[in-house]
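Reader: I've just opened my first protein model and I'm a bit lost. Could you walk me through how to read it, one feature at a time?

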Amino acid sequence: MPPPPPPLGRARKRAAQAFDEALDDAELVAARAALAQGRWQNTRSLLVRTGEDWDLRGHRVTVLARESYSAAWAREWLLAEPDSGDASVLLALAQVRRALGGKEKPARVRDTCLKAADLVPADPTPWLGLLLLECAEGAEGDVVRIFEQVRTRYADHHHAHHLVVAWLAERRVEAGPDPLHEVYDFANWAAEQAPADSPLAILPVIAHAERYRALAAAGHEPADPVASGHWVGRRARQVMKAAFDWWLEWEHEDHPRRLVDLNFLAHAKVCEGRGAEAAALFHRIGEHVTPAPWSYPDRDGVTVFRTARAAALGTT
């Protein structure tokens with residue numbers, strides 16, 4: 001039996017939430033609302049239109065998979081279309097989310113992801129699901145191996161690189177701040193390997209914020225990033241300037257996860273005390289706040305974002 005539809009108040013509740021992983025993808029928002037009512041055909045059409053835009057496909061599937069009803073409706077879809085790669089990928093990512101929430105056994109979920117990968121061998125998205133799982137559950141060798149599976153299919157996968165940066169940032173945290181930490185080497189390497197127009201150019205900024213998160217959680221940095229010296233050293237400023245200069249020239253405003261990068265970059269400029277540059281980024285972000293990095297290390301991300309934006313825009 002399919003699950004019952006959610007209460008009628010659900011859509012209004014979502015509208016009141018400050019964080020929406022769909023960001024500014026209106027087609028995704030519409031398909032998600034339809035899926036909540038069991039109309040998986042809208043999701044089917046959305047993923048067909050998405051095609052082999054792997055960053056966009058990964059973004060859309062991971063957002064859909066976050067919903068509690070996604071696994072059940074993906075199974076309904078598979079009953080109608082047993083060989084559907086799209087339905088199998090959605091089920092795999094939904095099961096990953098359940099495993100991360102302690103509601104599924106990781107071994108079973110790994111099998112589901114591998115079955116999806118067999119159905120769509122060129123698609124990095126099932127491997128993205130495995131990477132999400134292994135970054136939380138797995139050993140180092142598993143993370144590296146699965147990341148390479150993603151890169152083999154799409155070398156510049158945005159979400160996968162962000163996951164690995166966040167995972168690396170937590171290594172050897174007990175040693176405290178280290179300007180030569182491996183997360184910086186990885187981010188610099190990935191940025192250099194990527195094409196000139198790739199948003200992976202901003203990955204060193206992501207690495208800087210993720211390392212701050214790990215250090216602050218371990219007590220090696222203040223809980224207020226602005227009070228930390230993490231963003232004001234010479235090396236840090238060089239990284240931030242290079243990333244901001246790249247953004248000013250970037251012409252690909254349709255990247256599905258660009259708002260993730262813009263939030264990280266705005267956060268860095270706030271921590272640097274560069275209000276004018278932060279204001280330019282806040283104008284572009286609009287209301288599309290992301291939890292990371294405004295909530296780092298353990299703060300109310302919405303309040304932090306709104307306070308920082310108001311100060312940068314001169315409305316306080």
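Author: Happy to. Keep in mind that this is a predicted model. Let's begin with a helix: a handy check is to compare its end-to-end reach with the span expected from its residue count. H6 has 16 residues and reaches 23 Å from first C-alpha to last, close to the 22 Å expected at 1.5 Å a residue.

Reader: Okay. Is H6 largely enclosed or largely open?

Author: For that, count the buried residues, where buried means under 20% relative accessible area. In H6, 13 of the 16 residues are buried, so the helix is largely enclosed by the rest of the structure.

Reader: And what goes on at the ends of H6?

Author: At the N-terminal end, look for a cap. Here Ser-84 does that job, with a side-chain oxygen 3.5 Å from the backbone nitrogen of Asp-86. After H6 comes Gly-102, whose phi is positive, near 75°.

Reader: Now for empty space. How do people find it?

Author: Rolling a probe the size of a water molecule over the atoms shows where empty space is left. In this model, the largest pocket holds about 830 Å³ of space. It is lined by 30 residues, and the closest to its centre are Arg-66, His-159, Leu-163, Arg-257 and Ala-292.

Reader: Which helix gives the largest share of that pocket's lining?

Author: H10 does, with five residues. Several helices supply at least two lining residues each, including H4 (54-65), H6 (85-100), H10 (158-169) and H14 (258-272). Sorted by class, the lining of the largest pocket has 17 nonpolar, six polar and seven charged residues.

Reader: How many cavities of 30 Å³ or more are there?

Author: The search of the whole structure turns up one. The largest cavity has about 30 Å³ of space. Among the residues lining it are Arg-151, Asp-156, His-161 and Leu-200. By class, that cavity lining has four nonpolar, two polar and two charged residues.

Reader: Can we zoom in on single residues? Where is Thr-290, and is it buried or exposed?

Author: Ask three things of any residue: where it sits, how accessible it is and what it touches. Thr-290 is in the loop between H15 (275-285) and H16. It is buried, because its relative accessible area is 7%, below the 20% cut-off. Its side chain reaches the backbone oxygen of Ala-292 at 2.6 Å. Leaving out residues up to four places away in sequence, Thr-290 touches Phe-19, Leu-23, Leu-259, Val-260 and Asn-263.

Reader: Let me try the same recipe on Val-226. Which loop holds it, and what does it touch?

Author: Val-226 is in the loop between H12 and H13 (234-249). With 46% relative accessibility, Val-226 counts as partly exposed. Setting aside residues up to four places away in sequence, Val-226 touches Val-270 and Cys-271. Here's a nice lesson about folding a chain up: Val-226 and Val-270 are 44 residues apart along the chain, yet their C-alpha atoms are separated by 7.4 Å.

Reader: One last residue, please. Which helix has Glu-182 in it?

Author: Glu-182 lies in H11, which covers residues 182-193. Glu-182 is partly exposed, at 25% relative accessible area. Beyond its neighbours within four places in sequence, Glu-182 is in contact with Leu-168, Arg-171 and Arg-172. Also, Glu-182 and Ala-169 are 13 residues apart in sequence and 8.0 Å apart in space, C-alpha to C-alpha.

Notes: Residues are numbered from 1 along each chain as its sequence is written. This is a predicted model: local features need pLDDT of at least 70, side-chain atom pairs count only at pLDDT 80 or more; totals for chains, interfaces and linings use all residues. Side-chain values use heavy atoms; hydrogens and water are left out. On a 1 Å grid over the protein atoms alone, a cavity is a set of points where a 1.4 Å probe fits but cannot get out, and a pocket is an open set with protein on both sides within 12 Å along at least five of seven lines; lining residues have an atom within 4 Å of a point. Grid points are joined across faces, edges and corners, and a volume is the space filled by probe spheres set on the points. Helices (H or I, at least four residues) and strands (E, at least two) are DSSP runs, numbered from the N terminus. Ala, Val, Leu, Ile, Met, Phe, Trp, Tyr, Cys and Pro count as nonpolar, Asp, Glu, Lys and Arg as charged, and the others, Gly among them, as polar. The expected span of a helix is 1.5 Å times one less than its number of residues. Buried means under 20% relative accessible area, exposed over 50%, partly exposed in between (1.4 Å probe, protein chains only). A polar contact is a pair of N or O atoms within 3.5 Å; within protein, one must be able to donate a hydrogen and the other to accept it, and residues adjacent in sequence count only if both atoms are side-chain atoms. Contact means heavy atoms within 4.5 Å.
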